[in-house]
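Q: Let's work through the ligand sites here. Where should we start?

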Amino acid sequence: MDCIFCKIIKGEIPSEKVYENDNVYAFKDISPEAKHHILFIPKEHIDSANEINESNAKLVSDVFIAIQKVAKDIGFAEGGYRIVNNCNDDGGQTVHHIHFHVIGGEKLGWPPFPVK
Ligand code: 5GP
Ligand code: ZN
């Protein structure tokens, strides 16, 4: 499968690793939108949020536990942050390996507007 995030997990494409455990890999977004912009992915390939099911849901909860740990370790958990998952075309998903953007370290705007 030609998936850039699977290649990042395997080390075939370099990345700036932030955190890793048996099920989760986290690395800096190549094009950061805020002081901290980290991508969290399950090591097992899941296309998008549409493919979360009873058998792989633990991987997604593992991602959220990893997010909380990294946010605390780096020091932006208390101040607050945003977790974003873009799903498919209308959601703006460009890499079809499910990933959660964690954006923090400064005050963020809201809401995200539809493209006119
Ligand atoms: P999406 O638009 O699918 O929600 O987010 C994909 C994210 O992956 C984008 O924020 C983009 O900057 C990031 N990205 C794409 N290719 C690479 C890469 O090769 N390395 C890293 N570190 N980030 C990438
Ligand atoms: Zn993948």
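Q: Which atoms of I30 lie 3.3 Å from a nitrogen atom of ligand 1?
A: A polar contact is a pair of N or O atoms within 3.5 Å; within protein, one must be able to donate a hydrogen and the other to accept it, and residues adjacent in sequence count only if both atoms are side-chain atoms. Here a backbone N or O atom of I30 lies 3.3 Å from a nitrogen atom of ligand 1. A polar backbone atom of G92 is 3.0 Å from an oxygen atom of the ligand. The side chain of H101 places an N or O atom 2.8 Å from an oxygen atom of ligand 1.

Q: How much of ligand 1 does the protein cover?
A: Accessible areas come from the Shrake-Rupley method with a 1.4 Å probe. Alone, ligand 1 has 530 Å² of accessible area, and the protein covers 82% of that.

Q: How reliable are such details?
A: The model is predicted: local features need pLDDT of at least 70, side-chain atom pairs count only at pLDDT 80 or more, and totals for chains, interfaces and linings use all residues. Side-chain values use heavy atoms, without hydrogens or water; residues are numbered from 1 along each chain as its sequence is written, with chains lettered from A and ligands numbered from 1 in the order written.

Q: Which protein donors hold the zinc ion (ligand 2)?
A: Donors are N, O and S atoms within 2.8 Å of the metal (3.2 Å for Na, K and Ca). For the zinc ion these are C3 (SG), C6 (SG), H45 (ND1) and H97 (ND1), 2.1 to 2.3 Å away. Their spacing along the chain is C-x2-C-x38-H-x51-H.
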